[in-house]
There are 2 protein chains.
Amino acid sequence: MATIRDVAQLSGVSVSTVSRVLNKSGYVNQETEHKVNLAIQTLQYEPSAVARGLASKRSRTIALILSNMMNPFFPELARAVEEVARTFGYTVFFGSSDDQADKEQAYIEIFRQRYVDGIIFSSHTLGMEEALRLNSSHIPYIVLDRAPSDEVCSVVRSNNRAGARLAVQHLLDRGCSKIAHIYGPQGIRTAQERLRGYEDIVKHLPWYSPSLLIPGNFLLDGGITAAEQMMERHPDVDGVFVGNDLMAVGVLKSLLRMGIQVPEQVAICGFDGIQLTEATEPEITTVAQPIYELGALATRLLIQKINGEAVANSLHELDVTLIPRASTRKD
Amino acid sequence: MATIRDVAQLSGVSVSTVSRVLNKSGYVNQETEHKVNLAIQTLQYEPSAVARGLASKRSRTIALILSNMMNPFFPELARAVEEVARTFGYTVFFGSSDDQADKEQAYIEIFRQRYVDGIIFSSHTLGMEEALRLNSSHIPYIVLDRAPSDEVCSVVRSNNRAGARLAVQHLLDRGCSKIAHIYGPQGIRTAQERLRGYEDIVKHLPWYSPSLLIPGNFLLDGGITAAEQMMERHPDVDGVFVGNDLMAVGVLKSLLRMGIQVPEQVAICGFDGIQLTEATEPEITTVAQPIYELGALATRLLIQKINGEAVANSLHELDVTLIPRASTRKD
DNA sequence: CTGAAAGCGCTTACAG
DNA sequence: CTGAAAGCGCTTACAG
């Protein structure tokens with residue numbers, strides 16, 4: 001592999017000059033530039049990102065730490081991060097924390113050693129102390145979805161509460177007269193917000209009762225169990241807002257097994273907008289998060305921070321969209 | 001951040017010695033080692049992976065280039081690669097080619113500039129010339145699933161043909177008496193092999209006719225279309241072996257919409273073993289590839305190659321497993 | 001068992 | 001507009 005020296009020699013200039021044309025920094029005579037570029041071509045020279053990193057203290061590399069690759073959000077999110085990063089000349093490292101604080105911490109160390117310029121967290125474990133430690137280490141980072149606090153860092157997420165209201169209102173509009181809610185782990189802020197959104201709408205309706213709230217675990221099997229519990233408690237529910245899509249798929253499966261017609265007897269609305277909701281029969285109505293946008297925005301913000309452009313810590317809440325499908329089509 | 005110099009100074013030894021204890025290379029007196037480790041502790045020293053990379057020409061980094069993050073295989077594959085890599089002290093870069101040769105080529109360049117120690121391809125675009133070019137550039141790599149040729153590189157994949165035979169035999173065992181096959185794009189070797197496996201079993205059966213072969217695109221909507229075509233051509237089929245799970249889900253959806261009972265009227269068996277097959281009602285019987293194993297093996301082989309241990313180019317074909325589920329339960 | 005020195009391939013002030 | 005020099009933080013022979 002050719003080095004910057006070879007290029008300098010072949011084009012008859014100094015290494016510094018080659019570096020300047022490489023980085024388009026400082027002044028350089030057009031003719032000189034031309035000669036250098038010619039040499040680069042003929043030598044098929046490619047600068048070593050590693051040497052650059054060491055000399056400049058910038059690796060043009062960012063890391064995405066996520067809770068779990070199996071998370072259905074991950075592919076689209078990763079894609080957004082990767083595409084935006086590439087556009088700006090960054091390459092991306094991935095690490096999964098499995099929602100274990102020590103794994104996450106280990107990855108932070110690894111990435112620090114690799115001089116990553118910034119980190120995007122889409123992990124549920126980032127705690128307050130870790131956030132503060134990151135702050136004091138001056139490595140830029142963005143938190144997706146869930147943050148220990150909105151003040152200490154920059155956060156990008158969906159407007160979950162408003163989305164939940166959309167969902168419940170939609171069920172009402174479709175004629176549902178008794179709507180249950182299967183909620184996710186209340187340790188997760190997202191799940192909390194969606195529960196609140198549900199309550200916002202139904203709290204003062206005559207049929208409302210707290211027993212319409214069924215706990216779930218945000219996983220498919222949790223949806224199955226919750227649906228059984230729901231039908232036992234309230235055989236007369238005719239609509240259910242499920243805290244996330246994975247559980248909604250479980251709910252559908254469970255109801256169909258019990259011989260309950262969807263949407264005729266019970267209408268289902270999920271939340272997230274993952275592809276799985278289109279794979280079932282009937283397809284499931286859902287409130288879609290702008291997953292790609294979340295990832296793209298987080299990446300853009302991170303790069304701004306890296307460039308020292310960004311302002312202080314900020315909260316960015318993106319709007320969600322209701323996607324009506326067969327699971328709520330009561331005609 | 002502390003550097004190796006700081007550690008050397010604090011422990012009263014030379015930089016070389018610190019380097020030796022860091023790398024556990026060469027001899028070093030136990031007492032000295034202790035002093036050094038103490039200094040490392042108190043300074044919270046972490047060696048710079050970038051400097052190490054530049055000096056040693058090894059970055060302890062590998063790249064995974066895949067066709068598309070949306071591919072349902074990707075999460076589990078990525079997880080396997082990440083976990084095994086981490087075990088051996090490697091960090092992993094991701095890049096997606098979207099099955100475009102130029103994107104793939106661009107990523108190869110990027111990763112080369114970053115001194116990655118090796119590459120795993122799970123992309124359909126790696127051509128013969130690229131493989132040869134990689135060979136001559138001496139960067140170790142492994143190809144997953146699809147390779148331009150088994151001779152020029154190391155390949156890890158499933159035994160698709162045998163798996164297809166398993167699937168078809170299972171349908172026969174469950175009492176199917178006329179089995180169609182929805183196949184994938186014949187440009188993809190995987191699809192070819194599965195078609196062959198189907199033919200191996202049914203070719204000489206009395207009811208077999210080439211019109212039982214229906215083309216598909218390996219995507220969900222392709223399954224929907226293919227199922228319609230299948231029922232039109234052969235209203236009396238009672239079993240179908242679908243070339244991959246994504247299409248199988250589409251087939252199920254399509255049949256249910258037509259009011260056809262699954263498995264009573266038509267039994268369905270897919271291929272791949274993705275989670276989606278468990279989300280439907282009924283759940284879909286499938287031939288599962290050992291996805292995690294494929295990724296783990298590829299990573300282990302790659303690291304062997306990096307360490308110069310590995311032998312010549314080799315083909316590794318892993319066994320698949322039939323997972324019987326409700327979609328073929330004709331009781 | 002340990003240290004001094006060169007070098008990995010760049011970037012970055014500093015002069016000119 | 002250009003070049004010489006120092007330095008980024010390590011590793012790697014080479015002596016001893």
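The legends below walk through several close-up views of a predicted model.

**View 1. The protein surface around DNA strand C.** Welcome to the DNA, where 27 residues surround strand C. The closest of them are A:Ile4, A:Ser19, B:Ser16, B:Arg20 and B:Thr32. Sugar and phosphate make up 63% of the atoms of DNA strand C that come within 4 Å of the protein. Both protein chains take part: helix H2 (15–23) and helix H4 (49–56) of chain A, along with helix H2 (15–23) and H4 of chain B, each supply at least two residues of this surface. Sorted by character, the surface residues comprise twelve nonpolar, eleven polar and four charged.

**View 2. Polar contacts with DNA strand C.** Here we look at individual atom pairs. In the side chain of A:Ser19, an N or O atom is 2.6 Å from a phosphate oxygen of DNA strand C. A:Asn23 also faces a phosphate oxygen of this strand, with a polar side-chain atom at 3.0 Å. What part of DNA strand C lies 3.4 Å from a backbone N or O atom of B:Ala55? For B:Ala55, the partner is a base oxygen.

**View 3. The open six-stranded sheet of chain A.** Reading across this sheet, the strand order is E7-E6-E8-E9-E10-E12, and the pairing is mixed. Strand E7 (213–215) and strand E12 (321–323) stand at the edges with a single partner strand each, so one side of each has no neighbour in the sheet. From one strand to the next, the twist averages 20 degrees. At the E7 edge, strand E6 (residues 179–183) of chain A pairs with E7(A) in the parallel sense over three bridges. Within that pair, A:Ile182 is found opposite A:Ile214 of E7(A). H11(A) packs on the sheet, where this helix touches E6, strand E8 (239–242), E9 and E10 of chain A. The direction of H11(A) makes about 160 degrees with that of E9(A).

**View 4. A:Thr286 and its neighbours.** This view moves in on strand E10 (residues 285–288) of chain A, the home of A:Thr286. Is A:Thr286 buried or exposed? A:Thr286 counts as buried because its relative accessibility is 0%. The side chain of A:Thr286 reaches two backbone nitrogens: that of A:Phe271 at 3.3 Å and that of A:Gly273 at 3.4 Å. Leaving aside residues up to four places away in sequence, A:Thr286 touches several others, including A:Asp245, A:Cys269, A:Thr277, A:Leu322 and A:Arg325.

**View 5. Two cis peptide bonds.** In chain A, a cis peptide bond joins A:Val262 and A:Pro263, with omega about 10 degrees. A:Pro263 sits in the loop between helix H11 (245–257) and strand E9 (267–272) of chain A. In chain B, B:Glu281 and B:Pro282 are joined by a cis peptide bond with omega about 0 degrees. The loop holding B:Pro282 runs between strand E9 (267–272) and strand E10 (285–288) of chain B.

**View 6. Positive phi angles in two loops of chain B.** B:Lys57 is a residue other than glycine with a positive phi, near 65 degrees. Its place is the loop between helix H4 (49–56) and strand E1 (61–66) of chain B. B:Phe218, likewise not a glycine, has a positive phi near 70 degrees. The loop with B:Phe218 links strand E7 (213–215) to helix H10 (220–233) of chain B. Which settings do these side chains have? B:Lys57 is exposed, with a relative accessible area of 56%, whereas B:Phe218 is buried at 13%.

How values were computed
Residues numbered from 1 in each chain as written. Chains lettered and ligands numbered in written order. Predicted model: local features only at pLDDT ≥ 70, side-chain atom pairs only at ≥ 80, totals over all residues. Heavy atoms only, no water. Helix = DSSP H or I, 4+ residues; strand = E, 2+ residues; numbered from the N terminus. Buried < 20%, exposed > 50% of the residue type's maximum accessible area, 1.4 Å probe, protein only. Polar contact = N/O pair within 3.5 Å; in protein donor to acceptor, adjacent residues only side chain to side chain. Contact = heavy atoms within 4.5 Å. Near = heavy atom within 4 Å. Nonpolar A, V, L, I, M, F, W, Y, C, P; charged D, E, K, R; others polar. Pairing = 2+ DSSP bridges. Axes fitted to C-alpha atoms, helices over the stretch in contact; angles between N-to-C directions.
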